[in-house]
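This report describes one protein chain for a reader who is new to structures. Look through the sequence and the model before reading on.

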Amino acid sequence: MPPQPQAVGFLRSPYGILRLLQMVLGAGLWVTIAANKYEGSIHFVLFVAVLFWLLTLALFFLTLLDKQNLVPIVGGERWLLSNLVHDLAATALYLPAIGIMIYKTDKNSYCNLEHYRHYCLYKVYLVASIFACLSATAYLVSAVYGSCRKCRGQQTAVTVGDLL
């Protein structure tokens with residue numbers, strides 16, 4: 001069965017591209033953290049990364065399959081607003097996560113010496129900090145884009161004009 005025009009249009013739209021980028025960056029963040037030893041406040045970063053990765057995955061597939069009308073209360077004509085609130089909440093929670101990752105990276109910077117032989121999480125925390133910053137940026141861009149669409153009076157994440 002060939003792909004439906006709605007699905008192809010969504011994947012080519014700015015929202016589709018941003019959602020894919022958010023999922024890739026979010027997965028990169030939580031896989032980087034989960035694949036290594038972590039403790040303390042890193043649990044919050046992992047919570048934020050996994051929570052918003054799962055929510056973004058759900059939003060992506062609901063919009064891709066054009067099933068947002070099936071979601072009670074926040075679906076249908078409120079779908080764009082729901083996406084906007086999701087993106088703003090993700091941006092707001094990624095900011096302290098970035099702070100935690102930068103703090104942990106700085107705290108472990110002593111082991112970045114050439115002859116340091118013990119196990120060190122500096123590079124892991126540095127990569128996770130970069131993923132967190134890029135993820136927050138992707139959510140912020142998506143929130144700004146959604147705000148512009150909402151101000152123009154649109155109510156859906158993808159319109160007929162995006163499908164062309």
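## The largest pocket

The lining of the largest pocket is made up of six nonpolar residues, one polar residue and four charged residues. The model is predicted. Among the lining residues are Lys37, Glu39, Lys104, Lys107, Asn108 and Tyr110. Cys111, Tyr119, Cys120, Leu121 and Tyr125 also line this pocket. The space in the largest pocket comes to about 180 Å³.

## The chain as a whole

The protein chain holds five helices and zero strands, and along the sequence the pattern reads α-α-α-α-α. Of its 164 residues, 42% count as buried. Among contacts with a separation of 6 or more, 76% are between residues 24 or more positions apart.

## Salt bridges

Side chains of opposite charge can pair when their charged atoms come close. How many salt bridges does the structure hold? There are two salt bridges, set out below.

| Pair | Closest N and O atoms |
|---|---|
| Arg19 and Asp87 | 2.7 Å |
| Lys104 and Glu39 | 3.1 Å |

In the pair of Arg19 and Asp87, Arg19 belongs to helix α2 and Asp87 to helix α4, so that distant parts of the chain, 68 residues apart, are linked. Both Arg19 and Asp87 are buried.

In the other pair, Lys104 is part of helix α4 and Glu39 is part of the loop between α2 and α3, so this salt bridge ties together parts that are 65 residues apart in sequence. Is Lys104 buried or exposed? Lys104 has a relative accessible area of 7% and is therefore buried, the cut-off being under 20%. Glu39, with a relative accessible area of 37%, is partly exposed. Lys104 and Glu39 are also among the residues that line the largest pocket.

## Nonpolar cores

In soluble globular proteins, nonpolar side chains tend to be buried together. The largest nonpolar core in this model has 21 residues, and the members that touch the most others are Leu29, Ile33, Val45, Tyr94 and Met101. At least two residues of this core come from each of α2 (14-34), α3 (42-64), α4 (79-107) and α5 (122-151).

Which residues does Ile33 touch, leaving aside those up to four places away in sequence? Ile33 touches Tyr38, Ile42, Val45, Leu46, Met101 and Ala128. Separate from the largest core is a second core of eight residues, including Ala7, Phe60, Leu64 and Leu80.

Technical notes: Residues numbered from 1 in each chain as written. Predicted model: local features only at pLDDT ≥ 70, side-chain atom pairs only at ≥ 80, totals over all residues. Heavy atoms only, no water. Core = buried A, V, L, I, M, F, W, Y, C linked by side-chain atoms within 4.5 Å. Buried < 20%, exposed > 50% of the residue type's maximum accessible area, 1.4 Å probe, protein only. Helix = DSSP H or I, 4+ residues; strand = E, 2+ residues; numbered from the N terminus. Contact = heavy atoms within 4.5 Å. Salt bridge = Lys/Arg side-chain N within 4 Å of Asp/Glu carboxyl O. 1 Å grid on protein atoms, 1.4 Å probe; cavity = no way out; pocket = protein on both sides within 12 Å on 5 of 7 lines; lining within 4 Å. Points joined across faces, edges and corners; volume = space filled by probe spheres on them. Nonpolar A, V, L, I, M, F, W, Y, C, P; charged D, E, K, R; others polar.
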